[in-house]
Amino acid sequence: MFVRRIAVVGTGYVGLTTGACLASLGHRVICADIDERRVEELRGGRVAILEPGLAELVTEGLAAGRLDFVVGARNAVPRAEVVFLCVPTPMGEGGAANLAAVESVAAEVSGLLRPNCVVVNKSTVPVGTAARTAALLGRADVAVVSNPEFLREGSAVTDFLNPDRIVVGCDAQDAAERVAALYARLGAPTVLTDAASAEMVKYAANCFLAMKLSYVNAVAELCERLGADVLDVTEGIGYDRRIGQAFLSPGPGWGGSCLPKDTHALLQAAAAADFDFPLLQASLDTNTRQRNRMTDKVRAAVGGSLDGVHIGLLGLTFKAGTDDLRDSPALAVAAALRAEGAVLVAYDPGVRASVPGMTDGVEVADDPVKAAQGAAAIVVLTEWPEFRMLDWGRLAEVVANRVVVDTRNLLDADVLRRVGFEVLGVGRRPQLPPVGR
Ligand SMILES: NC(=O)c1ccc[n+]([C@@H]2O[C@H](COP(=O)([O-])OP(=O)(O)OC[C@H]3O[C@@H](n4cnc5c(N)ncnc54)[C@H](O)[C@@H]3O)[C@@H](O)[C@H]2O)c1
């Protein structure tokens, strides 16, 4: 295997995972960030984000001398043969991806790049960005490759090291092959293509997942109306290999740092190309409807107005296993409940204290009993497995009303019923004894 000198710009969920994993594969990696405190912590082996196995890989890489951290892309790139850009591409004006970070790094490093190196866009960027980055760099000797990332937060390291596929796109085939070779040890199917197609793969994948979730959320609502049970329905359709079991769980609407912004960005790109994409627009509309439906359920659970009513929330993050609150559907539901005057106390195993600008208006408790104390209803918003194992007998003693809105269909309703709770799920048959389960 060739050991490459690699620079990774951005040490968030994607950048830090990329850097630490490539170092674990034997490459020599320097990671850069503009956040000086983060760099300082990482140099000391402290990883602020919650990702299983990541801190261990960082410690290992530092100890082996294969991993280092510096402030500023300019200090990471000069000797690198491959430079990964893993900076944020948040939702910008009109829904388009905001490429300011990608563009500012390109401007920062263009004069410093080693001759004939490769710049890799791992950030999620619209079709055409590789070409735009190349133009910004203005370096005929430097190829820009698109290599989208598909890791999931909560299992980032495992996903990076065991990918379903590697996608590498570049109009210069030798550069694409150089990037693909970095992953050779992983033995994953590799799609080598042009830059535009690689960029499109990422959006097409994320939007498909969003669409699948919106579809199942719509099916769940219809199940409620028609008296079917969505868990049996999704089990029944998921065995079909053309459909698959993944991403078939209804919930409070999809969210997180990627699906919403990427859906908006593809819709915006479609509009700019004069292409009407009602299927994708419907996925977004269904998602808004689903989030609103959760508020309706909570109102129904407390039997009327939410004004001044104490609601205990279980879960704030957008999914279990992460501390990421960005565009969390749990926070969207919390905001809607707050807007109707509800008084919210939340417990989340990944969020132990208030996060300014994120959890405003929600008291964050360090214990589920505190969140449930005096609550007119408990609302499960994130699918943390440990919520199933809570001492529901103890929670039954402290709540004002024994009713749970389980927006994730996570809990064992039989266990809760035994201690007096009514459980309202999503797409479930109301309160019927389980059939053959
Ligand atoms: N988070 C995910 O699950 C995931 C999965 C696949 C793809 N992506 C994509 O990867 C990209 C990064 O996402 P993320 O979740 O890792 O973001 P993040 O916000 O966790 O991390 C981005 C990091 O980049 C740093 N940064 C910003 N500007 C910089 C600059 N000019 N120079 C150096 N560092 C800079 C920030 O300080 C931050 O530490 C996005 O395009 C995202 O869409 C994310």
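This text leads through the overall form of a predicted model, then its salt bridges, a charged surface patch and one buried loop residue.

The chain contains 15 helices and 14 strands. Its radius of gyration is 23 Å, close to the 22 Å that the globule rule gives for 437 residues, and the chain is therefore as compact as a globular protein of that length. Measured out along the principal axes, the C-alpha trace spans about 70 × 50 × 40 Å. Of the 437 residues in the chain, 52% are buried.

Charged side chains offer a way into the arrangement of these elements. Side chains of opposite charge can pair when their charged atoms come close. The structure holds 26 salt bridges, and three of these pairs are followed here in turn.

The pair to begin with is Arg-132 and Glu-103, whose closest N and O atoms lie 2.4 Å apart in a salt bridge. Distant parts of the chain are linked by this pair: Arg-132 belongs to helix α5 (residues 129-137) and Glu-103 to helix α4 (residues 100-109), with their positions 29 residues apart along the chain. Arg-132 has a relative accessibility of 46% and therefore counts as partly exposed. Glu-103, with a relative accessible area of 25%, is partly exposed as well.

Another salt bridge joins the side chains of Glu-224 and Lys-297, at 2.8 Å from N to O. Here too the pair links distant parts of the chain, since Glu-224 is in helix α8 (residues 195-226) and Lys-297 is in helix α11 (residues 278-302), 73 residues apart. The two partners fall on opposite sides of the cut-off for burial, which is a relative accessible area under 20%. Glu-224 counts as partly exposed because its relative accessibility is 28%, whereas Lys-297 is buried because its relative accessible area is 14%.

The remaining pair of the three consists of Arg-428 and Asp-229, which form a salt bridge with the closest N and O atoms 2.9 Å apart. Arg-428 lies in the segment after β14 (422-424) and Asp-229 in the loop between α8 and α9 (230-238), so that the bridge links parts of the chain 199 residues apart. Arg-428 is partly exposed, with a relative accessible area of 28%, while Asp-229 is buried, with a value of 5%. Salt bridges can also share partners: in this way Glu-221, Glu-224, Arg-225, Arg-289, Arg-293 and Lys-297 are joined into one network. The pair of Glu-224 and Lys-297 described above is thus part of that network.

The surface presents a further grouping of charge. Arg-5, Arg-28, Arg-79 and Arg-114 form a positive surface patch. One of its members, Arg-5, is located in strand β1 (residues 5-9). Because its relative accessibility is 31%, Arg-5 counts as partly exposed; membership of a patch requires over 30% relative accessible area and no salt bridge.

A last residue leads back to the interior. Asp-324 is found in the loop between β9 (310-314) and α12 (329-339). Where does Asp-324 stand, buried or exposed? With a relative accessibility of 4%, Asp-324 counts as buried. The C-alpha atom of Asp-324 is separated by 8.3 Å from that of Gly-350, a residue 26 positions away along the chain.

Key: Residues are numbered from 1 along each chain as its sequence is written. This is a predicted model: local features need pLDDT of at least 70, side-chain atom pairs count only at pLDDT 80 or more; totals for chains, interfaces and linings use all residues. Side-chain values use heavy atoms; hydrogens and water are left out. Patches are made of residues with over 30% relative accessible area and no salt bridge: like charges are joined within 9 Å, nonpolar side chains (Val, Leu, Ile, Met, Phe, Trp, Tyr) within 5 Å. Accessible areas come from the Shrake-Rupley method with a 1.4 Å probe; for residues, only the protein chains shown count as cover. A salt bridge is a side-chain nitrogen of Lys or Arg within 4 Å of a carboxyl oxygen of Asp or Glu. Lys and Arg count as positive and Asp and Glu as negative; His and the chain ends are not counted. The place of a charge is taken as NZ of Lys, CZ of Arg, CG of Asp or CD of Glu. Helices (H or I, at least four residues) and strands (E, at least two) are DSSP runs, numbered from the N terminus. Buried means under 20% relative accessible area, exposed over 50%, partly exposed in between (1.4 Å probe, protein chains only). The radius of gyration is taken over C-alpha atoms; the globule rule is 2.2 Å times the number of residues to the power 0.38.
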